[in-house]
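Here is a quick tour of one chain, going from a single surface residue inwards. Have the model open while you read.

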Amino acid sequence: MILALAYTYSQDNRRKKVNFFIVQLEAKWLPWAMLVAALVLGGPYAMMYQGTGIIAAHLYDFLTRLYPIFGGGMNYIQTPKIITQWFGGEVKRAQSKGFGTSFAPQAQQATRPSNGFSTAFSSPWSSRGQGHRLGGD
C-alpha cells in the first residue's frame, strides 16, 4: 500500500520534482515509476498487487475530494467524529466560486509581547529587554 501513499502525495504535489533511484522526475509520475519498478523487480504478480494501492488511493481521492467538490455530489466516505476530534478536522480554506477560487485567511494567533522574564534556563537574549514583534500592530 506504499503506492497508495505515493499516489496521494503525487496528486497533491504534481509539479514538485522528486528523485526515484537516480532519475529526477515530476511527482505526478512517481507512482507509475514505482509500479514499473515493481514489475521489473517482482514480476507481474507484484505489479498487480502494488497496482491495487493506486486503485484504492484513486477511489478514495475521487470519493472524498474530487466528486464532492467538483462534481457537486456528496462525500460518501466520512471520517469518524472521534478521529476528527483527536487529530483535528481539516479546515476548508478554498471555496470554488463562479468567478474563481477564494481562499479564507489563516487565523491569527494572539501574540503577547515578551516581558523579559528570566528563568534558570536563560539565554544570552533573556536580558535584552521586552522586544517587539515585526509586522504586528
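Let's start with Leu-41, which sits in helix α2. Keep in mind that this is a predicted model. Is Leu-41 buried or exposed? Its relative accessibility is 71%, so Leu-41 counts as exposed, the cut-off for that being over 50%. Leu-41 has company out there: together with Val-36, Leu-39 and Val-40, it makes a nonpolar surface patch of about 420 Å².

Now try Ile-69, over in helix α3. With a relative accessible area of 44%, Ile-69 is partly exposed, because that value falls between the 20% and 50% limits. Ile-69 and Gln-95 are 26 residues apart along the chain, yet their C-alpha atoms are separated by 9.0 Å.

Here are the two side by side:

| Residue | Helix | Relative accessible area | Class |
|---|---|---|---|
| Leu-41 | α2 | 71% | exposed |
| Ile-69 | α3 | 44% | partly exposed |

Zooming out, the chain has four helices and four strands. Read from the N terminus, the order is α-β-β-α-α-α-β-β. The chain has 137 residues, and 19% of them count as buried. Its accessible surface is about 11,800 Å², with 61% of that belonging to carbon and sulfur atoms. As for contacts between residues at least 6 apart in sequence, 26% join residues at least 24 apart.

So much for the outside; what about the core? In soluble globular proteins, nonpolar side chains tend to be buried together. In this model, the largest nonpolar core has 14 residues, and those with the most contacts inside it are Leu-3, Val-18, Phe-20, Leu-25, Leu-30 and Ile-54. At least two core residues come from each of α1 (2-12), β1 (17-20), α2 (30-42) and α3 (44-70). Take Leu-30 as an example: setting aside neighbours within four places in sequence, Leu-30 touches Ala-6, Val-18, Phe-20 and Leu-25.

Helix α1 is worth a look of its own. Which of its residues are buried? They are Leu-3, Ala-4, Ala-6, Tyr-7 and Ser-10. These five residues cover an arc of only 165 degrees around the axis, which puts them on the same side of α1. An α-helix has 3.6 residues a turn, so residues three or four places apart point the same way. The buried residues of α1 pack against α2 and α3. On the other side of α1, Ile-2 and Leu-5 are exposed.

How values were computed
Residues are numbered from 1 along each chain as its sequence is written. This is a predicted model: local features need pLDDT of at least 70, side-chain atom pairs count only at pLDDT 80 or more; totals for chains, interfaces and linings use all residues. Side-chain values use heavy atoms; hydrogens and water are left out. A nonpolar core is a set of buried Ala, Val, Leu, Ile, Met, Phe, Trp, Tyr and Cys residues joined through side-chain atoms within 4.5 Å. Buried means under 20% relative accessible area, exposed over 50%, partly exposed in between (1.4 Å probe, protein chains only). Contact means heavy atoms within 4.5 Å. The arc is that of the directions from the helix axis to the C-beta atoms. Accessible areas come from the Shrake-Rupley method with a 1.4 Å probe; for residues, only the protein chains shown count as cover. Patches are made of residues with over 30% relative accessible area and no salt bridge: like charges are joined within 9 Å, nonpolar side chains (Val, Leu, Ile, Met, Phe, Trp, Tyr) within 5 Å. A salt bridge is a side-chain nitrogen of Lys or Arg within 4 Å of a carboxyl oxygen of Asp or Glu.
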